[in-house]
Every structure is written in C-alpha cells, then in structure tokens.
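Colleague: Please show me the model, and then let us go through its contacts one by one.

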2 protein chains.
Amino acid sequence: MASIQDVAQLAQVSTATASRALSRPDMVASTTRDRVLTAARELGYQPNVIARSLRQGETRTIGVIVTDILNPFHAQLAKGIQDAADRHGYTAFLFNSDEDPTKERRALDTLRGHLPQGLIIVPTSGARENLQALSGVPTVELDRVTGNPDVTTVTADNATGALAATRHLISLGHTRIGMIVGQQDISTATLRHDAYRSALEGAGLPYDPALVLPGNHREDDGHRAALRLLTLPEDRRPTALFIGNNEMTVGAVLAARALNLSIPGDLSIIGFDDSRWAQTMNPPLTVVAQPTYDLGTQAAEQLIRQLRHPRDGPPLHIQLSTTLIVRHSTSAPHPTAPVYTH
Amino acid sequence: MASIQDVAQLAQVSTATASRALSRPDMVASTTRDRVLTAARELGYQPNVIARSLRQGETRTIGVIVTDILNPFHAQLAKGIQDAADRHGYTAFLFNSDEDPTKERRALDTLRGHLPQGLIIVPTSGARENLQALSGVPTVELDRVTGNPDVTTVTADNATGALAATRHLISLGHTRIGMIVGQQDISTATLRHDAYRSALEGAGLPYDPALVLPGNHREDDGHRAALRLLTLPEDRRPTALFIGNNEMTVGAVLAARALNLSIPGDLSIIGFDDSRWAQTMNPPLTVVAQPTYDLGTQAAEQLIRQLRHPRDGPPLHIQLSTTLIVRHSTSAPHPTAPVYTH
DNA sequence: GTGAAAGCGCTAACAT
DNA sequence: ATGTTAGCGCTTTCAC
C-alpha cells in the first residue's frame, strides 16, 4: 500500500509537507497542495491510521459493548451508535458480552489494547467491577446503569413506561397482574419492577410476590416463568402479564399458546420494547416502546461531545421517553374468570 | 496506561526481554520470566496493539461488511464470524453497507486504513468494483458472490433450497405459483429464481413472467409486490407465493392479511431463510432454512486458514446445505380456486 | 511555506 | 539468556 513517503516522493516534497497538505491544507501553498493531492489520488493513498494513532495518541475509535447483538433491540442500539459515530469521523468497535460478565471482561481487555478514546456499554451485572479496567476512558452507560455517579448515562424512561403499562392493565379491570422481571442487579429490571409495584399499590391492589417471577432476559426464561404463572390454580392465576423485555415476551406468548389460552380473551399480555415481531404477531402486541435507535445515537453524540470538551461540567444523565402502544393483546379480563376477592 | 517500558523497569530488565517474556516465554530464563510477568500483572499491563501492529505489519484484525445488521440473518452471520474470529485471536471490525454500494465503498476505505489482514463481505451489487480498493487482502465472499473466481466463497445451497421450495408447492397441487425475487445482480436472487423456474418447467408447468416480481430485499418491496400479485384477476392470481428473502416475506404476509386472504386456505406462502418471526407467526411459516450462524463461522474459519497458509491451493467454494421446513403456511390450493387451464 | 529530525510503543535483528 | 538498536508510518516541533 502506498505510504505518505510515496506520495511525498511523487509530489517532490518532504513527508512533512505531504502530511500537512493532506491534514491541514491551509498550512501549505496552494500549488504544492495540489501537487500533493494529485499524487495521493494517483497512488490511491489511504492514510495508515495505525501509524497515525500511535503518533497522535488518538485512535478516533470508540468501543461499543452490547449484551446481545442477536436481540433486535441491541442491534438497533449498535446501528444508532455506528451511524452517529461515523458522522463524526469515529469508528466504532463492536463487541458482545452475551450477558456474561466474564466475556464482558475479555471484551474490555481486548478493547483496551486498541486504545479506544471512549466507550459505550450496555453493562452486565459485573460491569461495575469490570469497568475499572478502562477507568480513565470516557464512558457512556447505555440502556442500563451501574450506579457509578461519575459516568454519563443514556436511558429510556423505564419507570414511566412500566407505570403506564401496569395502569393500562388495571384500567381494563385486571386485579391479578403477573410480572416476569429481569435480573435483579440490572437497573432496568428493578426500575420496571418497582414501577409495577407502585402502580398496583397506587390503585389499592395488593402486590403478590407469587405473581412476580424472575427471568434472565432470554426467551426460555420467559417461557418457563409464564408456564409457572399460567398453571397456577384458576383462582390465583393472573389474568394479565407484564413482561420485562422483548425476548421473554416471545417465550411467554408461546407458553400461553401452548396452554391454549387465547390472547387477550384468557390472558392479556403487555411487553416492554417494541419489535417487528410484536407488530406482526397475532394478535398484535401491546407494548411499551422505546426510542431504540435514538438511544444509540444519543449515546454516541454524548460521548463524542465529551471527547471534544473533556471535563466540561458534571456527567449528564439523558433520559428518553417511552410510549405505551395499545394494540390487541390487552383487553378486559374474561368475564368467567373469577373476580379477585379479599 | 502502563507500557512495556514500565514493566521492564519494574522487573529490572530491558524492554526486549520484557517483550520476549510476554510473547515467547520459552526464550527467557524462568526466573526473569516470573519477574516480568509479576511486574506486568502488578501494573495491569495490556500490550498496545497499535504499536505492535505497526511494528509487525500484522493487525490480527479482520474486516467484516454485511449489508444490514438489523436483519437477523446478517446479525447472525456477524455473530458467527465474531465468535470464530475471537477463538483464533482475531478481532473483527464490523461495518454495514445498508445494501448501498457507495456506503460499501466508504466502509472499505475506512477499513483499509486499519490494515485488516482479511475481509469477509456480503457484497452489494457494486462490490465487484469496490473490492479493487482492497485487492491484495485475502477475502471471503459470504452468502452472495460477485463472480470473481480468485476469491473464497461461503454460501448456502440456494439452488437446491429454492428447488425444494417450489417442488413442495407443486406437489401440493399448485399450478400458479408466484415468486418475489431479489435484485437481479445479487447472486442469491438469480440462483433462487433460476431454480424456481426449472422446478416449474421440470414439472411441465409454464413459467409466467407476470407472476414473478422483483423486490429490493426490504419488507416494503415484499409488501408492494405481493399486493400486485394478489390483486390480479381471480383466474390469474397465484395460489402460492415463493418469496426470495426473509424481510420481503414479512411484507408479503402482511399484504395477504390486508387483503383478508387466509394462509394457507387462500394462499400458500413459503419464505427463504428461517427466523424467530417465521416460527411464531400465525400460522407458522414454511421456509427454506439456512445454517446462518455456521455460514458466519465457516467464513471466518476459511479466512483464517487462508491467512495462516497463504496461496495454499486454489480458492475454496464452501457450500452449506439448506433445509425445507414444512410448517403450516402451505397446503393444497383452495378447492374453489379456479384450476389452471391451457 | 517548507524540510530535517524526533518519537509514539513495540518487536526482531544483531550483538554479546 | 539478555541487552542494544533500528524502524514500522505518521505528525509535529523546531529550524530556516
């Protein structure tokens, strides 16, 4: 590959001048500039960013770690980040943690060697510790937060979304509303769970721990949990389910089908996070939608702003709003279902 | 960040020895090795891969360009590649072309500056020309091929899959089978189309160009094309549809629903490429499944093998088999539908 | 406005 | 077995 030396030689200037002509055109006489640019074009010159990075101590690279690129939610975050980073001349390095703190740690180590100038991470439960490996690198926590107060965060308004979801079910007349909730040490899971609880209590309904089952964000977990909830004795079985993330919702819907429960006749279901699947399934799913792509772009914009203006005020906490989209998977509870008493 | 100099100093050796102790442990006395390793651990030393790459002329990096990371098919390819690359100590740099040759070109240019040692690409229609920018870099064409004979390819057996799909419809008794086919200059599209045609002709059925509509791989295109095919006069309307990729299938199913056609009663549908959505939609979709994740890992394995043994024989063309999965979106044509005559 | 030269962190000759 | 040194390609002082 043509180096800047080749360009300089062809243009009959020193490498210093060639470099200037290419990166700071106004520092060089217009005639030499033209000679250099022509030579560069002719040779198909592409700067070696490795060498440049080493010299400048800036890689123009940001690291991105999401927990599961196969989850459309995360794919969309990643796309938002990449598009925004690209607009600002940064290259995004994408890694997967698969929700596994050990893999997250490895990704961070690998990343570290590449000297990213910033990091955007959807943290796993082990992130708080893992992130010490990259302390000093400006970081944005995306979607979830570890609780580190020094870090910029970009999240959706989980509390309001979960509140709206639960209240929607309550307003339809449901009194036994189950929830399938994500891992306890993931901020989004606890926020959604807390909001669910306070919506119930705000409406004077009891919070029944037996109707709240944990899951590890995967389809399987949702399936298992839903199966348990839906096979409770008739008078204790929930008439509605609020499910904490998109993948688990898939599992829950399939569990309901397996049990031959009609949606929403026998069971109302509301999911968190919209998706292609939610829109096209039968019946279309009522969901709390998140501005997924925007979460990604915001994270990138905030990070890059921070790179340009280091220590410019305290870390920001951006929160984007969520929207309840009522489709057809929620309705009033089945008239024959026993009414809640006591 | 701690450099190898810091490690050397702490271990009281030269940087050369420190380097050897870390990368070629057996070239160094065990006592010094231990001193160096301890020092490295103590300082949390992580080699600067930028400097190493510059020195060695090898970045241990491979470039990956897919056309649409939001498409689960491509997300899965990417995951397969990343997992395999990781196992071999390579880092994958992921880019999106969004099916746009111009973006593909930009991705290649950016990539070039990072000196990837190899490239895995799902080519767009402009790839043949674009790839000249990276000539000299070992390349694997994945899923689709540009026709360049010097390049390793990893593809699914599109012809057999499309043949099986069409024959399945024929064996159910369909005689007017429509197809929605991808862009003409994409190899997978033409292979699937040709197989469709030869299955028809092999069964003595006419190939009717009016029943074959093109689409640009997106949901919208599938929707539009299906709408046109399904609103043909009753005696010309296809009773079955074979659709050339997963996204367009979504559009076609929604179009059928919009027209109040029941699947498979009024219309049989078969898609190419399986997905979460295909399995959970109602009715579950009959599809030609591809070994998506394996396509990705194979591409990475082949590329890495090639990096280890340069010019070791002619380029390989790996083809993984596809599977017809019969679910419930296909059945015999509706008895009241007019039978094909003439 | 341009050139000479140093140096980013690392590793591979080449010494010893 | 270990140290000395050069150099990967680039940018940036520092001279002129």
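**Contacts with the DNA strands**

Modeller: In this predicted model, an N or O atom in the side chain of Tyr45(A) lies 2.8 Å from a phosphate oxygen of DNA strand D; a polar contact is a pair of N or O atoms within 3.5 Å. Residues are numbered from 1 along each chain as its sequence is written, with chains lettered from A and ligands numbered from 1 in the order in which they are written. Local features need pLDDT of at least 70 and side-chain atom pairs pLDDT 80 or more, while totals for chains, interfaces and linings use all residues, and side-chain values use heavy atoms, without hydrogens and water.

Colleague: How far from a phosphate oxygen of DNA strand D is a backbone N or O atom of Ile4(A)?

Modeller: Ile4(A) is among the residues that come nearest to DNA strand D. Its backbone N or O atom lies from a phosphate oxygen of that strand at a distance of 2.4 Å.

Colleague: Which helix gives the most to the surface near DNA strand D?

Modeller: A residue is near a strand if one of its heavy atoms lies within 4 Å of it. H2 and H4 of chain A, with H2 and H4 of chain B, each supply at least two residues of this surface; helices are DSSP runs (H or I, at least four residues), numbered from the N terminus. With 5 residues, the most comes from H2(A).

Colleague: What share of the atoms of DNA strand C within 4 Å of the protein belongs to sugar or phosphate?

Modeller: Thr32(A) has a polar side-chain atom 2.9 Å from a phosphate oxygen of strand C, and Gln56(B) has one at 3.1 Å. Bases make up the rest of the atoms within 4 Å of the protein, the sugar or phosphate share being 64%.

**Helix packing and a salt bridge**

Colleague: At what angle do helix H2 and helix H3 of chain B pack?

Modeller: Their axes, lines fitted to C-alpha atoms over the stretch in contact, are 9 Å apart. Angles run from 0 to 180 degrees between N-to-C directions, and here the value is about 85 degrees.

Colleague: Which residue forms a salt bridge with Glu219(B)?

Modeller: A salt bridge is a side-chain nitrogen of Lys or Arg within 4 Å of a carboxyl oxygen of Asp or Glu. Here the closest N and O atoms are 2.8 Å apart. The pair crosses between chains, from helix H10 of chain B to helix H12 of chain A. The partner is Arg276(A).

Notes: Polar contact = N/O pair within 3.5 Å; in protein donor to acceptor, adjacent residues only side chain to side chain.
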